[in-house]
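Here are some exercises on helices, sheets and the way they pack. Have the viewer open and try each task before you read its solution.

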Amino acid sequence: MSKQGDAKKYDVVIIGAGPGGYVAAIRCAQLGLKTACVDRWLGVDGNPVLGGTCLNVGCIPSKALLESSGRYDDINHSFADHGITASGVKLDLAKMMSRKDKVVNDLTQGIAGLFKANGVMWLQGSGKLLPKQQVQVTAHDGKESVLDATHVILAPGSSSVEIGAAPLEEGVIVDSSGALTFDEVPKRLGVIGAGVIGLELGSVWRRLGSEVVLLEAQDTFLGVADEQIAKEALRQFKRQGLDIRLGARVVSCESGKKGVAVNYQDGKGDHTETVDKLIVAVGRRPNTQGLAADEVGLLLDEWGFVHVNDQCRTNQPSVYAIGDAVRGPMLAHKGSEEGMMVAEVIAGQKAEMNYDIIPSVIYTHPEIAWAGVTEQALRAAGTEYNVGSFPFAASGRARAAGDSSGMVKVIADANTDRVLGVHIIGAHCSELIAQAVIAMEMGASSEDLAMTVFAHPTLSESVHEAALAVDGRAIHVPNKKKR
Ligand code: FAD
Ligand code: AMP
């Protein structure tokens, strides 16, 4: 493992080792640049770890728990349909949690190994940008040092937003990180915010036995998703027992012996909901406070995001910023792709990324995934389009799996037939969406997808059928449009 070294001069210094920063570091090193990466994260055992939010308290632990809780839910609810009777099923939450911790630990150690293999210097502590591309590093023991860099990449990520209406209280009123470490299944669980994180964490605990109430201030459910898909998702989640209340703004909480009284307002007046534990999942804000000395003059926007152009250049020469700390969706793969682009730009290559086709996924059951534009956005823009959709209920593979809710929807430009958006709700669509991303990245038309041969029986055939349906040619469902 790399330790604080003697050499203080680097081609590139990166602040932050989440999926933005660590990927940038590896790519810079691959390109022959002398690279150091400063990160302040301390793991559960108090030792420094790489990987940032994504590996330690985000994408990976949440997916580990979604996977484990999904199996528990299946054995309790869907095995019987397959003719499998299981008795004496017990939940060992401590084991489930330690499995999740091991997954996280193996992956973070893996990044340390990659840093070593690529010759990236890992500096453990807090980094601060000084004028003239210098970076001050304050190690965990308080020792300070200053590095000289030709280029600096800022990748400090983001943290959960805290709200005055629900101040955090250890183990009771928690943010997403706290919700990944409960040591018992809450009987009644409240979640403030029915966004991506609230829905995923609410699903984990519902599957493990909690009664889950989600309070969402907006009247619209999943406003970022395609309207038709969001409507179907709401129907499915309610059917599973998630109690989703829209237009419900939490205004205050009182925590006492009987749990947490959550006070909220909706169109009908004031209400109180009492829960055993409460998750606050109301969004994330960039970690940019104190990131740069005032003399640097680093330009932030009104919400604290570092201002960057399409190539992630800040207003300061040779200083770049990537990931959750800059505009765009707060997604790990978006930050990683920016990291690779910036490394290549620094190495003098012509690099760019396509911000129009970044897949979004919600890992609930059914999963929700999309890429490109929604139908409502096209309507608002006055763009003429054709839609083809195909329900998984008509897919042989989905039927065989006994998991056939949801649909694939392909939207194509009415004049050019170019695929503009693909929206899916259904099992494993986090994997299916990659087909749409590749097709759109290659500028495919719905006809191109329709002419492609897909293996049978697969869920992927539903993408084929939806593309055929754009032109009224789906085989396994009646077509709205006749050919
Ligand atoms: P981070 O991962 O936040 O890493 C930033 C790093 O920089 C941290 O280690 C931090 O300690 C360090 N740092 C900050 N400031 C300094 C400083 N001054 N000096 C030194 N170090 C510093 N995204 C997905 O794409 N898919 C998912 O399934 C998904 N699930 C999620 C689930 C949850 C519960 C959460 C909370 C997030 C999830 N996300 C998911 C979002 C994803 O985690 C973030 O988009 C991603 O981690 C952002 O990467 P980043 O490199 O910009 O920042
Ligand atoms: P996301 O940005 O996807 O993480 O979702 C966060 C959600 O929390 C948004 O949909 C907000 O509308 C919602 N939210 C924010 N503040 C409150 C509040 N006080 N009460 C209920 N919902 C809230």
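Four exercises with worked solutions follow.

This is a predicted model, in which local features need pLDDT of at least 70 and side-chain atom pairs count only at pLDDT 80 or more, while totals for chains, interfaces and linings use all residues. Residues are numbered from 1 along each chain as its sequence is written, chains are lettered from A and ligands numbered from 1 in the order in which they are written, and side-chain values use heavy atoms, with hydrogens and water left out.

**Exercise 1. Take stock of the protein chain and judge its compactness.**

Step 1: The chain holds 13 helices and 21 strands. Both are DSSP runs numbered from the N terminus (helices H or I, at least four residues; strands E, at least two).

Step 2: The radius of gyration, taken over C-alpha atoms, is compared with a globule rule of 2.2 Å times the number of residues to the power 0.38. The chain has 24 Å, close to the 23 Å that the rule gives for 483 residues, so it is as compact as a globular protein of that length.

Step 3: Along its principal axes, the C-alpha trace spans about 70 × 60 × 45 Å.

**Exercise 2. Work out the strand order of the parallel sheet and find the helix that packs on it.**

Step 1: Pairing requires that DSSP finds at least two bridges between two strands. By this rule, five strands make an open, parallel sheet in the order E7-E14-E8-E9-E10.

Step 2: Its edges are E7 (173–174) and E10 (243–245), each paired on one side only.

Step 3: Now add helix H6 (residues 196–207), which packs on this sheet and touches E8, E9, E10 and E14 (277–280). Contact means heavy atoms within 4.5 Å. The direction of H6 makes about 165° with that of E9; axes are lines fitted to C-alpha atoms, for helices over the stretch in contact, and angles run from 0 to 180 degrees between N-to-C directions.

Step 4: Look between the neighbours E8 (residues 188–192) and E9 (residues 211–215): five bridges join them. Arg-188 has Glu-211 in E9 as its bridge partner.

**Exercise 3. Describe how helix H3 packs against H4 and against H6.**

Step 1: Two packed helices are described by the angle between their axes and the distance between the axes.

Step 2: For H3 (residues 59–77) and H4 (residues 93–118), the axes come within 9 Å and cross at roughly 140°. These two helices are therefore oblique to each other; angles under 35 degrees count as roughly parallel, over 145 as roughly antiparallel, 65 to 115 as roughly perpendicular and the rest as oblique.

Step 3: The residues where H3 meets H4 divide into nine nonpolar, two polar and two charged. Here Ala, Val, Leu, Ile, Met, Phe, Trp, Tyr, Cys and Pro count as nonpolar, Asp, Glu, Lys and Arg as charged, and the others, Gly among them, as polar.

Step 4: The axes of H3 and H6 come within 8 Å and cross at roughly 35°. Their contact divides into four nonpolar, four polar and five charged residues.

**Exercise 4. Trace the antiparallel sheet and its helix.**

Step 1: Five strands form this open sheet in the order E17-E18-E21-E20-E19.

Step 2: E17 (360–362) and E19 (385–391) each have a single partner strand, so one side of each is left without a neighbour in the sheet.

Step 3: Six bridges join E20 (residues 407–413) to E21 (residues 419–426), and Lys-409 is partnered with His-423 in E21.

Step 4: Helix H7 (residues 227–240) lies across E18 (367–372), E20 and E21, running at about 5° to E21.
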